[in-house]
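Here are my notes for anyone opening this one for the first time. Have a look at the model, then go through the points in order.

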Amino acid sequence: MSEMTTNQETMAEEAAGQPQESAQQPAENTGKARLIRAFFDDDEQPSEDLKAPRWSDVLKTLDTAWLRRQLYVVLLIVVGIIIYITNRYQAQQQIIELEQLQNELKDMKFRVLTRSSELTLRTRQSQLEEQLKALGDSTLLPSNEAPFIIEKEVDE
């Protein structure tokens, strides 16, 4: 509502040929005056001075000279971020490859253990005798005598 009254006052002054307040006062005073009027008005809507700044306003306030001075720092930060991301990606790929190789190694160990147990089972004397009987080879027969230990004489 205060803006409408100020607009009406401005239009009345222009019609009367009087100069506007904003033309006579510096920009700082008009901003302060608007802020004070907005504070004391009963109007519920905040004025533009009391609103949160927008990104476009923030970007406009950045000085290009400051940005030029800080360009190398910004580039250094961007390069660091890129190096960090690529390093992390490569580390994750190596971890995935390591897990695959460990799983493959585990699988190979189980296969070797299975083959070893099969070989042990097939090379037992009882299994060999059964295989020979099944083939019909009668030239090899199990021994009826118990094995004995051969002792070696020690020369002193």
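**Notes on the model**

1. Let's start with a single side chain. Arginine 115 has a relative accessibility of 58%, so it counts as exposed, the cut-off being over 50%. Keep in mind that this is a predicted model, and that the values here are computed from it.

2. What does arginine 115 pair with? Its side chain meets that of glutamate 118 in a salt bridge, with 3.5 Å from N to O. Both residues sit in helix α6, 3 residues apart, which is about one turn of the helix. Glutamate 118 is partly exposed, because its relative accessibility of 33% falls between the 20% and 50% cut-offs. As a general point, side chains of opposite charge can pair when their charged atoms come close.

3. How many salt bridges does the structure hold? The count is 2. Besides the pair just described, the side chains of arginine 111 and aspartate 107 meet at 3.4 Å, N to O. These two also lie in helix α6, which covers residues 71-122, and they are 4 residues apart, again about one turn of the helix. Aspartate 107 has a relative accessible area of 36%, so it goes down as partly exposed.

4. Next, have a look at the nonpolar surface patch of about 500 Å². Val73, Ile77, Ile81, Tyr84 and Ile85 make it up. Isoleucine 81 belongs to helix α6. Is isoleucine 81 exposed or partly exposed? Its relative accessibility is 47%, so it counts as partly exposed, with the exposed class starting over 50%.

5. Stepping back to the whole chain, there are 7 helices and 0 strands. Read along the sequence, that gives the pattern α-α-α-α-α-α-α. Of the 156 residues, 3% count as buried. The chain exposes about 15,600 Å², and carbon and sulfur atoms supply 58% of that area.

6. Now for confidence, which you'll want to check before reading much into any one region. The chain averages a pLDDT of 76, and 59% of the residues score at least 70. Which elements have the lowest and highest mean pLDDT? Helix α2, at residues 21-24, has the lowest at 49, while α6 has the highest at 96. Both salt-bridge pairs described above, arginine 111 with aspartate 107 and glutamate 118 with arginine 115, lie in helix α6.

7. One stretch to flag is residues 18-23, where pLDDT stays under 50. For that stretch the model has 8 contacts beyond four places in sequence.

8. Last, a look at helix α7, which spans residues 125-135 and includes serine 126. Serine 126 is partly exposed, with a relative accessible area of 40%. How far is the C-alpha atom of serine 126 from that of proline 142? The separation is 9.7 Å, and the two residues are 16 apart along the chain.

Methods: Residues are numbered from 1 along each chain as its sequence is written. This is a predicted model: local features need pLDDT of at least 70, side-chain atom pairs count only at pLDDT 80 or more; totals for chains, interfaces and linings use all residues. Side-chain values use heavy atoms; hydrogens and water are left out. A salt bridge is a side-chain nitrogen of Lys or Arg within 4 Å of a carboxyl oxygen of Asp or Glu. Buried means under 20% relative accessible area, exposed over 50%, partly exposed in between (1.4 Å probe, protein chains only). Patches are made of residues with over 30% relative accessible area and no salt bridge: like charges are joined within 9 Å, nonpolar side chains (Val, Leu, Ile, Met, Phe, Trp, Tyr) within 5 Å. Accessible areas come from the Shrake-Rupley method with a 1.4 Å probe; for residues, only the protein chains shown count as cover. pLDDT is the predictor's confidence in each residue, from 0 to 100. Contact means heavy atoms within 4.5 Å.
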